[in-house]
Amino acid sequence: MIFDLATFLDKEGVGRRFIQLQPTQIFFSQGDSADAIFYLRAGRAKLTVVSPGGKEATIALLASREFIGKESLASVGALYLATATAMKPVQRSGSKGRR
């Protein structure tokens, strides 16, 4: 039997549940504890960062079937390095996170 990642990610299971987000809802915020990686099953999202001077910049636009938050696995202090926000209605999977 061959492991099929797409099938695995398209089903809820132990450690995975699906959550709907509407435009402007936040997955996680820059500086939050990085306690999960999310899989964008459907919709679009963006990653933004805010500089110490308060300027916001969009650093990535994400589409269906992409992972969100993976960059934070290697971050110092295990913090999210950016804010992830839904741009269109989104269905994501993940097991942790405050939202």
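## A walk through the strands

Start by selecting Leu-47: across from this residue, in S7, stands Ala-84. You're looking at a predicted model, so keep that in mind as you click along. The two strands here are S4 (residues 45-50) and S7 (residues 83-86), which pair in the antiparallel sense over 4 bridges.

**Zoom out to the sheet.** Now colour the whole sheet that this pair belongs to. What is the order of its 4 strands? Reading across, the order is S2-S7-S4-S5, the sheet is open, and the pairing is antiparallel. At the edges sit strand S2 (26-28) and strand S5 (56-62), each pairing on one side only. Turn the view a bit and check the twist: on average, neighbouring strands of this sheet are turned by 30° against each other, direction ignored.

**Step from S4 to S5.** Select Val-49 next, and you'll find Ala-57 of S5 standing opposite. S4 and S5 run antiparallel and are joined by 6 bridges. Follow the backbone from one to the other and you go round a hairpin, with 5 residues between the strands. Stop at Gly-54 in that turn, where phi is positive, at about 95°.

**Two positive phi values outside glycine.** Most residues other than glycine have a negative phi. With that in mind, pick Arg-65, which has a positive phi of about 70° although it is not a glycine. Arg-65 is in the loop between S5 and strand S6 (66-68). Is Arg-65 buried or partly exposed? With a relative accessibility of 46%, Arg-65 counts as partly exposed, since that value falls between the 20% and 50% cut-offs.

Then jump to Thr-24, in the loop between strand S1 (17-21) and S2. Phi of Thr-24 is positive too, near 80°, and this residue isn't glycine either. Thr-24 is exposed, with a relative accessible area of 63%. While you're there, add Ala-86 to the selection: Thr-24 and Ala-86 are 62 residues apart in sequence, but their C-alpha atoms are 5.3 Å apart in space.

**Show the rings.** Display the aromatic side chains; there are 4 aromatic pairs to find. Begin with Phe-28 and Phe-38. Their ring centres are 6.0 Å apart and the planes are at 20°, so this pair is stacked. Phe-28 belongs to strand S2 and Phe-38 to strand S3 (residues 38-42), so the pair ties together parts that are 10 residues apart in sequence. Switch on a surface and you'll see that both Phe-28 and Phe-38 are buried. Which residues do ring pairs link into a cluster? Select Phe-27, Phe-28, Phe-38 and Tyr-80 together, and you have it.

**Over to the helix.** Go back towards the start of the chain and click Phe-8, which has its place in helix H1 (residues 5-9). Phe-8 has 35% relative accessibility, so this residue counts as partly exposed. Add Phe-3 and Leu-5 to the selection: with Phe-8, they make a nonpolar surface patch of about 310 Å².

**Last stop: the whole thing.** Clear your selections and colour by secondary structure. The protein comes to 1 helix and 8 strands, and along the sequence the pattern reads α-β-β-β-β-β-β-β-β. If you'd like one more colouring, try accessibility: of the 99 residues in the protein, 32% are buried.

Key: Residues numbered from 1 in each chain as written. Heavy atoms only, no water. Patch = residues over 30% accessible without salt bridge, like charges linked within 9 Å, V, L, I, M, F, W, Y side chains within 5 Å. Areas by Shrake-Rupley, 256 points an atom, 1.4 Å probe, with all protein chains shown as cover. Salt bridge = Lys/Arg side-chain N within 4 Å of Asp/Glu carboxyl O. Buried < 20%, exposed > 50% of the residue type's maximum accessible area, 1.4 Å probe, protein only. Pairing = 2+ DSSP bridges. Axes fitted to C-alpha atoms, helices over the stretch in contact; angles between N-to-C directions. Phe/Tyr/Trp six-rings, centres within 6.5 Å; stacked < 30°, edge-to-face > 60°.
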